[in-house]
Protein chains: 2
Amino acid sequence: MARTVDILITGGTVVTLDEQDTKFVPGALAVDGDTIIALGKNEEICAAFQGRETINVPGSIIMPGLVNSHTHAAMTCFRGIADDMELMDWLNRYIFPAEARNVNPELAYWGSMLACAEMIKSGTTTFSDMYIFEQETAKAAKQAGMRCLIGEVLFDFPSPNFKTPEEGLVYTENLIQTWADDPLVNIMVEPHALYTCSPDLLKASKALADRYQVPLATHLLENKAEAKQLEGKFGKRATQFLMEGGFLDERFIAFHGVLMDEEDIRIFADHGSRVVHNPESNMKLASGVAPVSAMRNGGIVVGLGTDGCASNNNLDMFQEMDTTAKLGKSALLDPTVISARTVLRMATCDGAKVLGLDGLVGTLEAGKKADICIIDMDKPHLTPMYDEYSHLVYTVGGADVETVLINGKLVMKNRRLLTIDEEEAMRRVRAIAQRVKKSLRNGF
Amino acid sequence: MARTVDILITGGTVVTLDEQDTKFVPGALAVDGDTIIALGKNEEICAAFQGRETINVPGSIIMPGLVNSHTHAAMTCFRGIADDMELMDWLNRYIFPAEARNVNPELAYWGSMLACAEMIKSGTTTFSDMYIFEQETAKAAKQAGMRCLIGEVLFDFPSPNFKTPEEGLVYTENLIQTWADDPLVNIMVEPHALYTCSPDLLKASKALADRYQVPLATHLLENKAEAKQLEGKFGKRATQFLMEGGFLDERFIAFHGVLMDEEDIRIFADHGSRVVHNPESNMKLASGVAPVSAMRNGGIVVGLGTDGCASNNNLDMFQEMDTTAKLGKSALLDPTVISARTVLRMATCDGAKVLGLDGLVGTLEAGKKADICIIDMDKPHLTPMYDEYSHLVYTVGGADVETVLINGKLVMKNRRLLTIDEEEAMRRVRAIAQRVKKSLRNGF
């Protein structure tokens, strides 16, 4: 007799991204509670299980939800506020003043909520976040039903949320304790960068991360100016400083790593430290091109992120995958250096590894949490289909995602969000943006 | 009394892209027959005109339809057939055999029809095409109601459509005569490339183009190998050969131009010849990065194209714009070299200039043909909006296009295609793809 489960997803092409790259065409999945309890050929799963709810999706692709391994969710509020200028102009004339004058818990909450709406609507089920007032981001993610690994941004100068770095560390520890047993919200310690944090703050951050065994993450080697500055500051390469300080281990995550050279890669690989690649932001800010193939070949696990909406300007991981593959080829003038399949892994299982969540998510396998993205392939721009991997990277866009489950729960069905009032989120952020505009007019 | 016109479009933000970059917020347009007869502030236009049909779009952006200045429409049939390999492997093992065994009038018609569906659904109203059996592409475009400038690909060896280049020239002349008085379909002469066409074929192509005063277009300097081969063949730079042969004038269009150097740019600019940039294809095939800023600064009019679906793998011009801006910045490590506004012009008015259609389309101005794209901005990923130009380039995707008019006729309303049976187009192309797959299995 067929066993009853909460949700049965049937009839689609199941792209598991497990180690053997198993596909089931057509395939099906049985989800009970928060977990994928079985998956396989459609007829076998349909014979063995019946669903309290059945989602039948012939012609669709069923794949792991995407993992956005680096963003600043609440910066949706600053989406497109300034573009096409020098990094320091952009930061000093727009982003920093806009943040200093406007970031508060309300902005953090509604900006993050809008980001969750956008992410779910484009197939992302897990995100990694660094920003200000992350309690609000945690609450928004929890309400949205999104999985996340987040942390309060720490630096030497005051933030809208704390006067001293010590307060920032206390806030972070409080975050860790608040969400310790949460199934969705995970916390990490996030010093902003080596050029904005004193060695003392870095050491205290590391100690906190070690005490709770959570990841330590920071922006690193994003562009040439930074690399040069750090070499001046430390009198040695930044990765050398990190290694000697005992910062590098499997819980260390570097965002960007654009300037990583052979020696940096060896040091990271030796310590099992991870990197998140953000190609669209790197391109838009003209930061350079991260050596993704060299890092992967060198043994580093590399995830993929969109970065924040002020430097992208969206959170669409499908577009980010397309760019990752194309930029990788273009930069090395070699179309074979990075394949669609590799990029898809960066955006799913490898991203989950970077965040230390690969025991839970990143692939479709029995026993994993049910973070699932279903894509409607019955559209002109997705026709015909010779190869699923090719389509997922080079052709599908976020708007093609039809239905999303996170931790076994439906958060979007047929493009209707079930956990977020998207009209309210848009209304709130539009009101915030009006205030932001006004604050900038008064300031310049 | 208000004058009655066919279509009144009201309430949206009108982005005209005229020389002064005029915007009307909110604005409106009056369309009568095939022409924009007036546009301006919403209240003024609404007072002066009433529409037999009124399209009221508060919160939306109303902009000129996009101009895809280089593609191979029917290659939708080969979308994603092979990726991530060396150019010559890709061509010789997949594309050329797939074409030789499968391209026939049916493939050309339905592949082009599917391309028209995809293009309209992503806001493109004009396309420039080079492929085989272009009578079929012309028929499909005509049925779809799309504006185009197309030509039969010519080369020294036999094509599925002709045994000799002379037959190809006859076919092209017949195309020109067939569509001479058509309001939508325009014909050009298209020798494939300097490495596939003898000087005699090039000369005969130029003579034909001159006889009918139509553009002459070809692939040029797409990658280093080609540039080197041509220098060997001619004993001089390719642009020098073209100049001395009298090929270069304002009706000459080069696709790609990746390897254009300072001298090539000077030669092109001196003759008023045009270039089409195809960044996503260039990246995916690892061809290099075209010197877009240098070409524009040197005085060349540069349009934007997606290239065919085998090397992109879609026809979304919004994505192409995003990539154009980001790649331009990344390649020169300078975020100021190319702005959103510049890119938007490349995809609209400059593209129209490249194709010699700027008297008709490319901007929203009274007297121009009504080729109009309306974008629904009421979505999480497009919220908030500080600047229309930024959003159109960095955030909007093809799927956000809601309604499209071409030559005054509604071809899509609320994402429903009005001139194409999209289900039939998909069904036909899927059947063709089955045959393509089989033909490749038998061959390798």
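How many salt bridges are there between chain A and chain B? I looked this up first and noted a count of six. The model I am reading is predicted.

**Entry: charges across the interface**

I picked out one of the salt bridges to look at by itself. B:K326 pairs with A:E280, and their closest N and O atoms are 2.8 Å apart. I then looked up polar contacts between the two chains and found 30 residue pairs, both residues at pLDDT 80 or more.

**Entry: which helices of chain A take part**

I listed helices that each supply at least two residues of the side of chain A that touches chain B: α3 (105-121), α10 (279-284), α12 (317-332), α15 (388-394) and α16 (422-443). Which helix gives the largest share of that side? I noted α16(A), with eight residues.

**Entry: extent of the interface**

I looked up the contacts next: 63 residues of chain A are in contact with 63 residues of chain B. The size of an interface is often given as the accessible area lost when the parts come together. For chain A and chain B I wrote down about 4800 Å² buried between them, with 60% of it on carbon and sulfur atoms. Which residues of chain A lose the most area to chain B? I found A:D84, A:P380 and A:Y386, which together make up 16% of what the chain A side buries.

**Entry: charges over rings**

I looked for charged side chains lying over ring faces. A:K284 lies over the face of B:Y394, at 4.7 Å from the ring centre, so I noted a case with one residue from chain A and one from chain B. Within chain A, I found A:R341 over the face of A:Y389, at 4.0 Å from the ring centre.

**Entry: aromatic pairs**

I searched the whole structure for aromatic pairs and got 12 over all chains. A:F155 and A:F162 form one that is tilted, with 5.9 Å from centre to centre and 45 degrees between the planes. Both A:F155 and A:F162 are buried. Why is the pair of A:F234 and A:F241 stacked? I noted that the ring centres are 3.8 Å apart and the planes are at 10 degrees, so the pair is stacked; the cut-off for stacking is under 30 degrees.

Are A:F234 and A:F241 buried or exposed? A:F234 counts as buried because its relative accessibility is 15%, and A:F241 counts as buried because its value is 14%. The limit I used for buried is under 20%.

Last, I went back to A:F155 and A:F162. Ring pairs link these two and A:F157 into a cluster.

Conventions. Residues numbered from 1 in each chain as written. Chains lettered and ligands numbered in written order. Predicted model: local features only at pLDDT ≥ 70, side-chain atom pairs only at ≥ 80, totals over all residues. Heavy atoms only, no water. Phe/Tyr/Trp six-rings, centres within 6.5 Å; stacked < 30°, edge-to-face > 60°. Buried < 20%, exposed > 50% of the residue type's maximum accessible area, 1.4 Å probe, protein only. Lys NZ or Arg CZ within 6 Å of the ring centre and 35° of its normal. Contact = heavy atoms within 4.5 Å. Buried area = accessible area lost by both parts, 1.4 Å probe. Salt bridge = Lys/Arg side-chain N within 4 Å of Asp/Glu carboxyl O. Polar contact = N/O pair within 3.5 Å; in protein donor to acceptor, adjacent residues only side chain to side chain. Helix = DSSP H or I, 4+ residues; strand = E, 2+ residues; numbered from the N terminus.
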